[in-house]
Amino acid sequence: MCAIWIREISHLICLFLIRADLSKLITLSNGYWEIDVAPGHGASITRASYNGRSILRPATQAFFETGDVFETGYFPMVPYSNRIENGCFEFMGVPHTVSPNRHDQIYPIHGNAWTKAWTIEEVSPAQIILEHNHTGKAG
């Protein structure tokens, strides 16, 4: 079995794939699966198909024109997913404020890893390892 690993601090997400070709989009294919990954755009997946049938919504033309990962079928939502209501939360008695991170949302949504390029740590015919190092600070 082969894998693509997307690593964000200690958070691991695994998809089973094979074969990588390093370019702007990294295409992985094993005869059944074909997946295009965009490490430079939040490690988003722009296309995923199994036996020629789309599994995820393919990236729209808007993604290729603007880089808006919300126009892809998948992107890692780390260090949190969904919205943070009112842009604030409390952890261990300490209040934390998180600024909105998308122009069309009043609350922060889906973390911030999608706003950054991820580093390609390793590419081989069997896997790709991408890393995003979140410092815990905004941005």
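In this predicted model, Ser49 touches Tyr32, Trp33, Glu34, Ser54 and Ile55, leaving aside residues up to four places away in sequence. Ser49 belongs to strand E6. Its relative accessible area is 8%, so Ser49 is buried. One of its contacts, Glu34, stands 15 residues away along the chain. The C-alpha atoms of Ser49 and Glu34 are nonetheless separated by 5.3 Å.

Another contact of Ser49, Ile55, sits in the loop between strand E7 (53-54) and H1. Ile55 has 46% relative accessibility and therefore counts as partly exposed. Together with Tyr32 and Tyr50, Ile55 makes a nonpolar surface patch. The patch covers about 310 Å². Tyr32 thus appears twice, as a contact of Ser49 and as a member of the patch.

Confidence varies along the chain. The mean pLDDT of the protein is 80. A value of 70 or more is reached by 78% of the residues. Among the elements, E7 has the highest mean pLDDT, 96. Strand E3 (residues 20-21) has the lowest, 30. Over residues 1-23, pLDDT stays under 50. For that stretch the model has 76 contacts beyond four places in sequence.

Nonpolar residues were examined next. In soluble globular proteins, nonpolar side chains tend to be buried together. The largest nonpolar core here holds 12 residues. They are Ile26, Leu28, Ile35, Val37, Ala43, Ile45, Ala48, Val78, Ala113, Trp118, Ile128 and Leu130. Four strands each supply at least two residues of this core: E4 (26-29), E5, E6 and E11 (127-132). Another core lies apart from it. That core has six residues, including Ala38, Val69, Phe75 and Trp114.

Ala43, a member of the 12-residue core, also has a notable backbone angle. Its phi is near 55 degrees, a positive value in a residue other than glycine. Ala43 is placed in the loop between strand E5 (33-38) and strand E6 (44-50). The relative accessible area of Ala43 is 0%, so the residue is buried. His110 likewise has a positive phi, near 60 degrees, and is not glycine. The loop that holds His110 runs between strand E9 (94-97) and strand E10 (119-123). With 15% relative accessibility, His110 counts as buried because the cut-off is 20%.

Val78, also listed in the 12-residue core, precedes a cis peptide bond. The bond runs from Val78 to Pro79, with omega near 10 degrees. Pro79 lies in the loop between helix H1 (61-66) and strand E8 (88-91).

Charged side chains form a further set of links. Side chains of opposite charge can pair when their charged atoms come close. The count comes to four salt bridges. In one of them, the side chains of Arg47 and Glu34 meet at 3.3 Å, N to O. This pair links distant parts of the chain, with Arg47 in strand E6 and Glu34 in strand E5, 13 residues apart. Arg47 is partly exposed, at 25% relative accessibility. Glu34 is partly exposed as well, at 34%.

Arg47 also meets Asp36 in a salt bridge, at 3.0 Å, N to O. Asp36 lies in strand E5 and Arg47 in strand E6, so the pair ties together parts that are 11 residues apart in sequence. Asp36 counts as buried, at 10% relative accessibility.

A further salt bridge joins Asp68 to Arg102. Their closest N and O atoms are 2.9 Å apart. Here too the pair links distant parts of the chain, 34 residues apart. Asp68 is in the loop between H1 and E8, and Arg102 in the loop between E9 and E10. Both partners are buried: Asp68 has 18% relative accessibility, and Arg102 has 14%. Salt bridges that share partners join Glu34, Asp36 and Arg47 into one network.

Strands E5 and E6 recur across these results. Each supplies at least two residues of the 12-residue core. The Arg47 and Glu34 salt bridge links the two strands. Ser49, in E6, touches Glu34.

Notes
Residues numbered from 1 in each chain as written. Heavy atoms only, no water. Buried < 20%, exposed > 50% of the residue type's maximum accessible area, 1.4 Å probe, protein only. Core = buried A, V, L, I, M, F, W, Y, C linked by side-chain atoms within 4.5 Å. Patch = residues over 30% accessible without salt bridge, like charges linked within 9 Å, V, L, I, M, F, W, Y side chains within 5 Å. Areas by Shrake-Rupley, 256 points an atom, 1.4 Å probe, with all protein chains shown as cover. pLDDT = per-residue confidence, 0-100. Contact = heavy atoms within 4.5 Å.
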